[in-house]
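Open the model in your viewer and show side chains as sticks. The tour below gives one selection at a time and says what to look for at each stop.

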Amino acid sequence: MSTSVHHAVFPSPTQSHILDNAAWAALTGPHVHFAERVGRAARYLTYVSPFTALEDPADPRAWDDLAALVGPGTVTPVTAVQTVPGGWEIVDSGEGVQMVDTALYAEPAPEAVRLGPADVPEILGLIALTQPGPFLPRTVELGTYLGIRDGGRLIALAGERLRPPGWTEISAVCTHPEHRGRGLATRLVRAVAAGIRERGDTPFLHAAASNTHAVRLYESIGFTLRRRTRFALVRTPGGQPEKQGGDETKARDEQVAGQPEEKA
């Protein structure tokens with residue numbers, strides 16, 4: 001258990017930081033066993049996460065590798081991207097914030113239960129109702145997911161998603177609308193953070209910039225704004241893509257259009 005204040009160390013504005021491209025750092029680091037990669041581009045396995053990443057979004061060769069990885073005419077989410085090369089299309093984009101733990105009081109939640117593959121149908125039901133962000137049938141494998149039940153029904157959820165070296169993202173923070181206002185999300189965030197701290201990582205998270213309620217809540221419990229982020233759905237160059245992957249491809253495509261950021 002870890003309840004002490006944990007201060008993040010920030011580089012100077014001229015230095016790059018591992019969280020500037022967190023998905024790439026995770027896919028080439030602790031989550032490499034979940035990765036599919038072509039050269040300078042990588043993505044999570046189907047059913048694990050819809051996210052893709054580039055080693056250097058300013059490098060045209062990385063975009064060529066991404067096109068080879070996902071195929072022509074394919075819509076895919078990419079993080080840490082401001083512009084796209086000629087021939088690519090930005091289908092949608094959103095603004096977010098990245099927040100890091102600087103003063104969070106982390107502690108276990110005795111009422112929380114560890115969730116696993118058997119709980120996925122119920123998790124997906126809560127995710128569909130609350131829409132905290134993309135969640136696929138194997139997302140639960142990315143890290144620890146905790147839930148709170150009421151009368152046997154899952155009513156609140158939080159867990160771990162991206163895991164760049166030294167850091168772990170808290171994700172899928174949501175509460176059933178009938179049970180909001182009880183502090184369930186905060187208790188789960190503290191509990192997930194306690195587990196992250198135990199292995200020596202620092203918690204961080206993302207939220208939609210427009211979700212001011214969530215941003216204020218996270219600030220109030222000890223998270224600090226690190227940077228503003230941009231999420232983009234992009235379409236690769238080329239004509240009609242070949243149909244591959246059957247239901248797996250359909251599952252990924254359905255999640256591509258989902259909200260990328262967390263709700264409280």
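**Stop 1: helix α2 and its surroundings**

Select helix α2 together with β1 (35-38), β2 (41-44), β3 (52-54), β4 (75-79) and β11 (223-235): the buried residues of α2 pack against these five strands. Keep in mind that this is a predicted model.

Now narrow the selection to α2 itself, residues 60-70. Which of its residues are buried? They are Ala62, Trp63, Asp65, Leu66, Leu69 and Val70. These residues lie on the same side of α2, because the arc they cover around the axis is only 160°. An α-helix has 3.6 residues a turn, so residues three or four places apart point the same way.

Turn the view to the other side of α2 and select Pro60, Asp64 and Ala68, which are exposed.

**Stop 2: the two ends of α2**

At the start of the helix, select Asp59 and Arg61. A side-chain oxygen of Asp59 comes to within 2.9 Å of the backbone nitrogen of Arg61.

Then go to the residue that follows α2, which is Gly71. The phi of Gly71 is positive, near 100°.

**Stop 3: the charged group around Asp59**

Return to Asp59 and add Arg40. Their side chains form a salt bridge, with N and O 3.7 Å apart. Arg40 sits in the loop between β1 and β2, while Asp59 sits in the loop between β3 and α2, so this pair ties together parts separated by 19 residues in sequence.

Are the two partners buried or partly exposed? Arg40 has a relative accessible area of 27% and is partly exposed. Asp59, with a relative accessible area of 11%, is buried.

Next add Arg61 and Asp65 to the selection. Arg40, Asp59, Arg61 and Asp65 are linked in a network of salt bridges. Asp65 was also met at the first stop, among the buried residues of α2.

**Stop 4: Asp201 and its partners**

Select Asp201, in the loop between α4 (184-198) and β10 (202-208). Its relative accessibility is 8%, so Asp201 counts as buried.

Which side chains does the side chain of Asp201 contact?

- Thr168: a polar contact between the side chains, at 2.9 Å.
- Arg199: a polar contact between the side chains, at 3.5 Å.
- Arg163: a salt bridge between the side chains, 3.5 Å from N to O.

The salt bridge between Arg163 and Asp201 links distant parts of the chain, 38 residues apart. Arg163 is in the loop between β8 (153-160) and β9 (167-175). At 28% relative accessibility, Arg163 is partly exposed, whereas Asp201 is buried.

**Stop 5: Asp20 and Arg227**

For the last stop, select Asp20 and Arg227. They form a salt bridge in which the closest N and O atoms are 3.5 Å apart. Asp20 belongs to the segment before α1 (22-27) and Arg227 to strand β11, so the pair ties together parts that are 207 residues apart in sequence. Strand β11 appeared at the first stop, as one of the strands that the buried residues of α2 pack against.

Asp20 is partly exposed, at 25% relative accessibility. Arg227 is partly exposed too, with a relative accessible area of 25%.

To continue on your own, look for other salt bridges: a search of the whole structure finds 18.

Definitions and conventions: Residues are numbered from 1 along each chain as its sequence is written. This is a predicted model: local features need pLDDT of at least 70, side-chain atom pairs count only at pLDDT 80 or more; totals for chains, interfaces and linings use all residues. Side-chain values use heavy atoms; hydrogens and water are left out. Buried means under 20% relative accessible area, exposed over 50%, partly exposed in between (1.4 Å probe, protein chains only). Helices (H or I, at least four residues) and strands (E, at least two) are DSSP runs, numbered from the N terminus. The arc is that of the directions from the helix axis to the C-beta atoms. Contact means heavy atoms within 4.5 Å. A polar contact is a pair of N or O atoms within 3.5 Å; within protein, one must be able to donate a hydrogen and the other to accept it, and residues adjacent in sequence count only if both atoms are side-chain atoms. A salt bridge is a side-chain nitrogen of Lys or Arg within 4 Å of a carboxyl oxygen of Asp or Glu.
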